Amino acid sequence: MNSSFLIKITIIFLFSFQLIKSQTKKDSTLAVQHFEKAENLSSQKKLDSSLYYYKRALNIYQNLTDSSNKIINIYDAIGSIYFRDIQYQKAIEYYEKSRKLSTEKFGKKSIKVANSYRSEGVVYRMLLMHDKALDNYKKALPIYIENRDTLKIALTYTNIGNIYKTKGFYTESIQYHKNGLTLLENMQEKNFRFIIGLGNNLALSYANYNKFDDAQKIQNDIINLKTKLFPENQLSIANSYNNIGSLLIKKNKNEDALHYLFKSSKIIKSFYKNDNYEILDIYLNIANAYSNLNKFKKALEYYNKGLKAIENSFGKNSYISSYTLYKIASLYKKMGLTEKSITFFDKAQDRSTYSYNKKKKNYDPLLTISILNNKAKTLLLKSEDKTRISNLIRCVRTIKTADSMIKHIKPTIPNRKDKILFSNTIHEIYSTAIENQLLSYSIKQDSLLLFEAFEYSEKSKANTLKNLLTTTRAKNFAGLSKETLLLEQHLKTNLAFYTSNITNQLQTKNPDTAKIRFYENKIFDITRKQDSLTNFLEQNHPNYYRLKYKNTFLTVPEIQERLSNNTTILEFFTADSVTYAFTLNKNDINVSKIATPNIAQKIQHFREHITSKNIIDYKNNAESLYTTLIKPIVHQLKGDELIIVPDGPLWHLNFDLLLTKESTSKDPKQLPYMLRDYAISYANSVNVLFSKNHSNKNSKLLQECLAFSFSDSTQITDSESLSFNMLRNADADLPGTREEISAISEIVNGQYYYGAQAIEKNFKKTAHQYNILHLALHGEVDNEHPENSKLYFTKSNDSIEDDLLYSHELFALDIPAELVVLSACNTGTGKIAEGEGIMSLGNAFQYAGSKSLLLTNWEVPDQNTPEIMRNFYTHLSSKMSKSKALQQAKLNYLKNADITRSHPFYWGSFYILGDNKAIDLQTPSDISKTITWFVLLILVLCLTYFILKRRKKLSKK
């Protein structure tokens, strides 16, 4: 190779390098130009154009070296554009890209990673995925703390506080807001603007907790701080005046509110010539105050001013525009101008769905559902003269639109707790739907209208439980591999484990924040893996997707086919001060509208009078509640078995303790209990009760009964597990719960764990193997956080299990028992979730797949339980339904009880929830008979053998 050739190659290389360098510089310059243009367009709210230039800049930077930082910034900017444009899934996609690249380039603990987590949290909150939002905020928080970014720490505290406020956990909300405020106040260089912002959030949490005086005090402190520090910033002070006005409206001090709101309005107007978004919230608050004062003309004036300000700032088809039209429509409804009201509801609906229909974005489904519900209610008002059939037809169309939207939203909310929150929002639309169907029925007398009314009631009930059972069934029948099912179970088990560890830490005097942070990180990673697994299954297993989202409800005729001639379903639907009672038997369906003002308070008093053993007040309450709830429909109750589907506060009512007529007797044994007329069981919904998920196909493969009883680990003198057969032969005097298990061991066969063997580990290892679980354990209900309600097992030294079985742990277990008996205290009580029923320990066993439960509504004395349980199992073994067996057990107890222990407090707490069918029990006598016949058969065979052998010998002779 000669030197001239090398020179030529070198020149070409240098020239090419120069060209590449020059092109790179040009590309870099062009990318900067695109980015700056995108930023400028974004500030002008030209989102589509801004997005176009961000993506052009991104394409260039992705081909340049050392541009990771710029790519991360563009990912964040694009995520922000999609968020502002209400394309939330797209926003999450780009925030995740930003987080992954930031992690790769700067490590897991960089501020950029924390920023992405926080941004994702904001988006998940808008998607109603509150737990996912909380997970992301809590993931961001320790990174900000490690980097000592005080402002971001404080802002994340307030984000978390706002989520807890949404979930109704006001104590936690206030605490997080206080944390943020304290943090900023202790800074050497105080950022008073953020202090003020966090103060506003804290005030709002107090207001939501109905602590209005605390909220107003904070707002007054904020005004003093602003006046002192920022006398020139009157706009900030105007904002505080507006906040105080809003709080005073909530306190129903509307005249005082107007004083502050007009002060706020005056300041804003001194800064701006024309109305704009700065004054919008003030106008809406002024309108709300005037509406509360019934000064409708003034209220309308300010709603219209607000609408004008919105249209000037955001255009006609914005979310806030539809909200203001909705408020105007509601005002006209309040004024009695129903035609005008409907017109404005129509306008609000059109604007709410305009962009969704055009571009599938800029859409708030919850607002649209509220608009549709109130529009339907107004149409009902116009239909009460029974001549306006056209309005009833319009009402039906409106409800069907809302129903379709609800059906669309449900699958997009993956988290169980968020689904329960969503159930609270949809209850009202189904109340309107039922009212419309009944009004239509009164005109047309078409039984199909009653069928549809009942179906709407069913749609409002147990959606979360039904969805979980359907998902479980889908996994079992979609042909998923064993490895996939094991992975899913592994994730569920680990999630329950780390959740329990957090709960235990929070219950200590000095929680270890480092451990809590570690557990939260584990939970975050697990939920991400669960999301990935779900996405994989839905994309790669069409059968699973089809079965999971198969949203079919049983028709009334299909339900009637499943009913015996002596059974009636009584389903309630509570709405404001009325209750709809549906009665459904083999041949008929009826619906009655019952006035039930203050029903929750009456039921609370009823329970108090039972637990205090106040017989006189109990009698009055029991007779009154029967007269209100049952007497109007008693002629519709066919047969002597009653399946009750409660709603709202009716979940706290033991119907069998109601008194069917007045009685002068003070002897509890002589009272006319509803128990004497009906064997009563309860169900979350008819569709759950008769679901295919509750098939009995595996019950024959399971062992008979597994029993546990609690022991104080400091008092343990023996520690065994033994068979019921051995327990039957024990002569020792047995304490409390041991006596209870001994009583049932005489009737059924099984295995019994007590003492040091009655531990959580043994329960989890064996629970899935038995037809009946009988747990004579202590229970503790957490009304504020139902998932933290728990059963106590004997304390052990297990390094993994803590011997506290929390509700959230049951969600991770597979317990396909035909019957779970929880004779612990208060196992059937808890917080009521609208449409879902009681969030109790029993409810958690249903999530685990158990078909029916025997629960308690208050603490039951140990002395009485063994006799009731012995009677219950005796009748159960004679092939009675579960409710019949419990009815007869209570009547037997009442007949034989000492007068001092005959009050309903001693025997009335128990109730059956779920599948009521009889269980085919194998009793000890059955086994004895089987053994006897087996021995006789052997003897006969032996005798036959010897006779034949002898004959053979004789024949040879």
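Which residues lie nearest the centre of the second largest pocket? They are T493, K764, K765, E801 and L813, among 26 lining residues. A pocket here is an open set of points on a 1 Å grid over the protein atoms alone, with protein on both sides within 12 Å along at least five of seven lines. Lining residues have an atom within 4 Å of a point. The model is predicted: local features need pLDDT of at least 70, side-chain atom pairs count only at pLDDT 80 or more, and totals for chains, interfaces and linings use all residues. Residues are numbered from 1 along each chain as its sequence is written, and side-chain values use heavy atoms, with hydrogens and water left out.

The second largest pocket has a volume of about 620 Å³. A volume is the space filled by probe spheres set on the grid points, which are joined across faces, edges and corners. Two or more lining residues come from each of α22 (482-506) and α31 (760-766). Helix α22 gives the largest share, seven residues. Helices (H or I, at least four residues) and strands (E, at least two) are DSSP runs, numbered from the N terminus. By class, 10 residues of the pocket lining are charged, eight are polar and eight are nonpolar. Nonpolar covers Ala, Val, Leu, Ile, Met, Phe, Trp, Tyr, Cys and Pro; charged covers Asp, Glu, Lys and Arg; the others, Gly among them, are polar.

The protein chain has 37 helices and 17 strands. Of its 957 residues, 52% are buried. Buried means under 20% relative accessible area, exposed over 50%, and partly exposed in between (1.4 Å probe, protein chains only). Contact means heavy atoms within 4.5 Å. Among contacts between residues at least 6 apart in sequence, 70% join residues at least 24 apart.

The largest nonpolar core has 93 residues. Such a core is a set of buried Ala, Val, Leu, Ile, Met, Phe, Trp, Tyr and Cys residues joined through side-chain atoms within 4.5 Å. F763 and F845 have the most contacts inside the largest core. Helix α27 (residues 615-629) supplies the largest share of this core, six residues. Apart from it lies another core, of 48 residues; Y75, Y95, A133 and I153 are among them. Residues up to four places away in sequence aside, F845 touches F763, L773, L775, L791, L810, I815, V820, L822, S850 and L853.

The search for enclosed space covered the whole structure and found five cavities of 30 Å³ or more. A cavity is a set of points where a 1.4 Å probe fits but cannot get out. The largest cavity holds about 70 Å³ of space. Its lining consists of D656, L675, Y678, A679, I680, Y682, S883, L886, Q887, K890, F910 and Y911. Elements giving two or more of these residues are β5 (679-682), α35 (882-896) and β17 (910-914). The largest share, four residues, comes from α35. Eight residues of the cavity lining are nonpolar, two polar and two charged.

Two buried aromatic residues illustrate helix contacts. F345 is found in helix α16 (residues 338-359). F345 is buried, at 0% relative accessibility. Beyond its neighbours within four places in sequence, F345 is in contact with Y326, A329, S330, I371, N374, K375 and T378. The C-alpha atoms of F345 and K327 are separated by 8.9 Å, with the two residues 18 apart along the chain. Y456 lies in helix α20. Its relative accessibility is 7%, so Y456 counts as buried. Outside the four-place window in sequence, Y456 contacts I399, K400, D403, Y430, A433, I434 and Q437. Y456 and I434 are 22 residues apart in sequence and 6.5 Å apart in space, C-alpha to C-alpha.

Backbone angles were also examined. Q445 is not a glycine, yet has a positive phi of about 55 degrees. Q445 sits in the loop between α19 (416-444) and α20 (447-459). Q445 is exposed, at 51% relative accessibility. K613, also other than glycine, has a positive phi near 60 degrees. The loop between α26 (599-611) and α27 holds K613. K613 is partly exposed, at 35% relative accessibility.

The structure holds zero disulfides. A disulfide is a pair of cysteine sulfur atoms within 2.5 Å. C395 is buried, with a relative accessible area of 0%. C705 is buried, with a relative accessible area of 0% as well.
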